[in-house]
Protein chains: 2
Amino acid sequence: MSVQLHRTHQCGKLTEQQIGETVVLNGWISKRRDLGGLIFADVRDRSGIVQIVFNEEFSKEAFAKADSLRSEFVVAVKGTVILRDPETVNMNLKTGTIEVQIIELDIINMAKNPPFFIQDQVEVDEMLRLKYRYLDLRRPEMLNNFQVRHNVTKIMRNFLDENEFMEVETPMLTKSTPEGARDYLVPSRVQPGSFFALPQSPQLFKQLLMVSGFERYFQIARCFRDEDLRADRQPEFTQVDIEMSFLPLSDFQTMMEQMMAKVMKEVKGIDIEVPFQRLSYDDAMSRYGSDKPDTRFALELVDITEIAASCSFKVFQAVAESKGLVKGINAKGCGEFSRKEIDDLTAYVARYGAKGLAWIAVTEDGIKSQIAKFFTEEELNQIVKAMNGQPGDLLLFVADKPKVVYDALGNLRLLLGKQLKLIDESKYNFLWVTDFPLVEWDADAKRYVALHHPFTMPLDADVPLLDTNPAQAKAKAYDMVLNGFEIGGGSMRIYQKDIQEKMFKLLGFTEEEAKEQFGFLLEAFEYGTPPHGGMAFGLDRLIMILTGRQSLRDCIAFPKTASATCQLTNAPSQVSNKQLKELHIKTIQFE
Amino acid sequence: MSVQLHRTHQCGKLTEQQIGETVVLNGWISKRRDLGGLIFADVRDRSGIVQIVFNEEFSKEAFAKADSLRSEFVVAVKGTVILRDPETVNMNLKTGTIEVQIIELDIINMAKNPPFFIQDQVEVDEMLRLKYRYLDLRRPEMLNNFQVRHNVTKIMRNFLDENEFMEVETPMLTKSTPEGARDYLVPSRVQPGSFFALPQSPQLFKQLLMVSGFERYFQIARCFRDEDLRADRQPEFTQVDIEMSFLPLSDFQTMMEQMMAKVMKEVKGIDIEVPFQRLSYDDAMSRYGSDKPDTRFALELVDITEIAASCSFKVFQAVAESKGLVKGINAKGCGEFSRKEIDDLTAYVARYGAKGLAWIAVTEDGIKSQIAKFFTEEELNQIVKAMNGQPGDLLLFVADKPKVVYDALGNLRLLLGKQLKLIDESKYNFLWVTDFPLVEWDADAKRYVALHHPFTMPLDADVPLLDTNPAQAKAKAYDMVLNGFEIGGGSMRIYQKDIQEKMFKLLGFTEEEAKEQFGFLLEAFEYGTPPHGGMAFGLDRLIMILTGRQSLRDCIAFPKTASATCQLTNAPSQVSNKQLKELHIKTIQFE
């Protein structure tokens, strides 16, 4: 029952240094092939793979046993490390110049044929991979994702510790706060009819820790949102959650940049530039049509609203006159796009609400365009000049409400960036996007909603706007963006009770509602609250980018599907009536 | 709005080195007193406290402002560090030889009078402390608990990382497994009538990671149990969860010892002895009446069943003949205990089911005892000799079923250890308790239940007992015990499908039930499972012991009360009908 052959070395770490040594390996058979009186097999453990050889000469007994070896059997083997014949060297393998001649074999456990090959770059249906997640995780590229994840959290933790941030655990069973996304609820057994909520973030608790004078807090914290899942969302996700007091924002941002620089250096071996580029939200939207621009390529949006306002094209003119925008991007060298290609782009921007995509092709022979006839030559020249149009370029325009223009052109920019291969995939472009709007008007709810969250401080100069024109107020809020992904976001928080109360009022809370939900925070603010702020990084996404994966699910050991189920355990599942009764609830699905 | 005076130094870190320097401090006013034209105040931040002084001479403006200072105001101050007059030196304060003459004061935020003093060793009702937790956490001794907690997890993480353990996050939204404690449930919105459960431990997932070949895993993981809370339980708690493959158990235990030695060295400055003492479960029960003995003092249980069996005292004899035990402890020097004192001890053991407490006082003049008359002098001499009784000693006996004898005398031993001051509070006695029973018979449920959990491997030699006499089988299970607390426990796991199936059967699962609940694990076992095992440490309790606290709640930032509520946020709370409807449940408390 007990294993007798205890590992002396890890497979992937054997080198020519060990030639002549007797070693014991523990691991999985990853391949076996027979060749004229010899049995070869690869043994795999967490460190990698090495080839072993059985031959009657080395050990009759081991050779005989080896005959039963199949893929994924668990073995312990003892043998001598030798140099391979030059013609059998495998340069694709780190241990490819050596092999181990086996004198003893212990088959620790057998294995059925796995439902898919345990190797990288295998095309396997993801549902099957998730059902047999324990086999999927055996694939070296999957294992590597978690090694990177471990390393990144280690580097961040050490950095934060060195900078005197203290890791504090906050509750998972906490209070439901309807503001924000939908909560996961947990019925209370002790208090019939009451429910805990799983935290959407540790926001309130980290702010309370600042009131407590912890000054520098962090936590790598699980958070929960019961939302309909898109490809890049999971019901539970992990935040690197950080909060600090007294530290000026710019010092804090510098610190966060240093942390990311350290991660990039140690994980990717890359020196990234600090300080990061800073873009205001307004500039990011105006230039890239996005608050998380991928700055690895230009293809910026150009505003021609002013030209459009005075032009003879009624469509442009009308938009310009009704507070709309007319903006364009210059698809360099796409002047020869076919009608079909342009139609495809038009259909693409339609997804984002654009009613049309005007185009101007600049050729050596002048301008080709379906809208040329609506402009004077002077106007056309003005536009082409504004767009820096050269012969061979295709200029693409959307005229609409600002939101539609940004969504349509921002996404068109990304599409063309990929299609035209403008993106240097080896680049890691970090930047800060700052000065987000504080609130926006929700026409359905007929009230303002917080863009970041209700605890975000307005810019000092904009505090008076809370009373006069809240939609114009900018917040001390900032996102960290990497290659077109928001990898982290945060803000300086309100620390004065009167501003916080004003903010709740603005967001449509009655005094009672504010007290009911956030009374403890408002009360805490009365007992000496320091100026504070912080941010949270989305760890899953960061790992996804660093490992070059396309899905968050590849960076979470046991993820959920888009219907929030676990293919492996079949959670969620039915529970007994006894359990429900103890929790004072019943299900109503059949009513 | 923004703070102008940015911290240059931390209060508690100022020393005579800074004399003459102009410094800026940020923090809280912790005391203020006026003395003949001077205003003194203590400023506190996370690092400690320093005294500041206002005087018209230094700054008229700051002095005037200082008049409004109250406790817990948040301030930024600028001033010059000076040496205090010798007669005003405060030796109780690390910074007690210096003070700061203030030339600029910025009152960042004001504070109401706190409901209790922000200082150590204050007698405050715990419910009030929990309601104002953010103030309670300002007390330096509370802050220190979390500093220790941060340090301990850092040391453990670094140690585990150095030993190639990989930290992997496992799901919080998982499947309910009725075996074990009561689950917290989370209704699914997407699958009406289905529920997730919050994990009682990551047990199944860490075993699956071993099947995946991760080989060395750890996680500092939040776990949940919906049980009625005793003083030392919380609905959510934190485990340092560890699992490894291929490593021989003794090597693993050595590693865990080294980890604890490192924690003790770095946190307490104490060199503890390795390897730890090892006691089998049977020996621990027999000698200490406990499977988590406090070995800082002797006062061991002595077995006199054999003597009792052949004695003339019918009570002893009957017990000895019905598979019971007669055991005693020798309360050294308590021979003069009054009848009242002995009655109190008798009442104490009665709590543990003992029907009586026999006693023999050994005096210079011979033996005094209520039961002396039932023995021959020879028998009495035998007993006194077996107990190593000396004049002045009080010998105390319980005769009953083994469980009652162990519970009663084990607890009596702890009581006397404290009363007689036998415990050296500066000692940290670590030990392993090993070879626990695998299962025990549950007379109510009429089936065996797992003592550790259903995945625990029996001792190799005891595997045949599964078929013949399961209650006699011992497990490859071990606890780490410190000063009478179980701080961690674990086992080697079953990794063969046939033994695991046999185990489930033994525990009363039908084949269908086993498949329904643990099918994915049984299936995983068919694809090449390595020998593996591990353990989990109770982090909250470990921190409690290391900080010398009496309650787990002092080591958890935002704990729950005994009724599983949060005094601060009032969680759990009512939620809207809309929320419940979305989750396809309704409450039944009023039916």
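This report describes the chain arrangement, the sheets and one buried residue of a predicted model.

**Domains and the relation between copies**

The domain assignment of chain A gives two segments, with domain 1 covering residues 11-109 and domain 2 covering residues 297-423. The centres of domain 1 of chain A and domain 2 of chain A, taken over C-alpha atoms, are separated by 63 Å.

Two copies of a chain are related by a rotation about an axis and a shift along it. Here, a turn of 180 degrees with a shift of 0.0 Å along the axis lays chain A on chain B with an RMSD of 0.1 Å. That is the relation of a two-fold axis. As for the contact between the copies, 100% of the interface residues of chain A are also interface residues in chain B, so the copies meet through the same surface.

**The barrel in chain B and strand β3 in chain A**

In chain B, 5 strands form a closed barrel in the order β1-β2-β3-β5-β4, and their pairing is mixed. From one strand to the next in this barrel, the twist averages 55 degrees. Strand β3 (residues 48-55) of chain B and strand β5 (residues 98-109) of chain B run parallel and are joined by 2 bridges, with Q101(B) in β5(B) as the bridge partner of V53(B).

Turning to chain A, strand β3 (residues 48-55) is mostly covered, since 7 of its 8 residues are buried. Strand β2 (residues 38-45) of chain A pairs with β3(A) in the antiparallel sense over 8 bridges, and a hairpin joins β2(A) to β3(A) through 2 residues. Within this pairing, I39(A) stands opposite F54(A) of β3(A). Strand β3(A) is also joined by 2 bridges to strand β5 (residues 98-109) of chain A, and these two strands run parallel; the bridge partner of V53(A) in β5(A) is Q101(A).

**The open sheet in chain B**

Chain B also holds an open sheet of 8 strands, in the order β6-β9-β10-β22-β21-β20-β17-β11, again with mixed pairing. Its edge strands, each of which pairs on one side only, are β6 (166-167) and β11 (277-280) of chain B. At one of these edges, β11(B) runs parallel to strand β17 (residues 430-434) of chain B and is joined to β17(B) by 4 bridges, where Q277(B) has L431(B) as its bridge partner in β17(B). Helix α7 (residues 281-288) of chain B lies across β11 and β17 of chain B and runs at about 90 degrees to β11(B).

**The surroundings of N330(A)**

Residue N330(A) belongs to strand β13 (residues 325-331) of chain A. Because buried means under 20% relative accessible area, N330(A), at 10% relative accessibility, counts as buried. Leaving aside residues up to four places away in sequence, N330(A) touches L299(A), M387(A), N388(A), G389(A), D393(A), L394(A) and L395(A). Two of these neighbours, N388(A) and D393(A), also appear in the polar distances tabulated here.

| Partner of the N330(A) side chain | Part of the partner | Distance |
|---|---|---|
| N388(A) | backbone oxygen | 3.2 Å |
| D393(A) | side chain | 3.1 Å |

The side chain of N330(A) thus has a polar atom 3.2 Å from the backbone oxygen of N388(A), while a polar contact of 3.1 Å links the side chain of N330(A) with the side chain of D393(A).

How values were computed
Residues are numbered from 1 along each chain as its sequence is written. Chains are lettered from A and ligands numbered from 1 in the order in which they are written. This is a predicted model: local features need pLDDT of at least 70, side-chain atom pairs count only at pLDDT 80 or more; totals for chains, interfaces and linings use all residues. Side-chain values use heavy atoms; hydrogens and water are left out. Domain bounds come from an automatic or database domain assignment. Copies are superposed by least squares on the C-alpha atoms of residues with pLDDT of at least 70 in both. Contact means heavy atoms within 4.5 Å. Buried means under 20% relative accessible area, exposed over 50%, partly exposed in between (1.4 Å probe, protein chains only). A polar contact is a pair of N or O atoms within 3.5 Å; within protein, one must be able to donate a hydrogen and the other to accept it, and residues adjacent in sequence count only if both atoms are side-chain atoms. Two strands pair if DSSP finds at least two bridges between them. Axes are lines fitted to C-alpha atoms, for helices over the stretch in contact, and angles run from 0 to 180 degrees between N-to-C directions.
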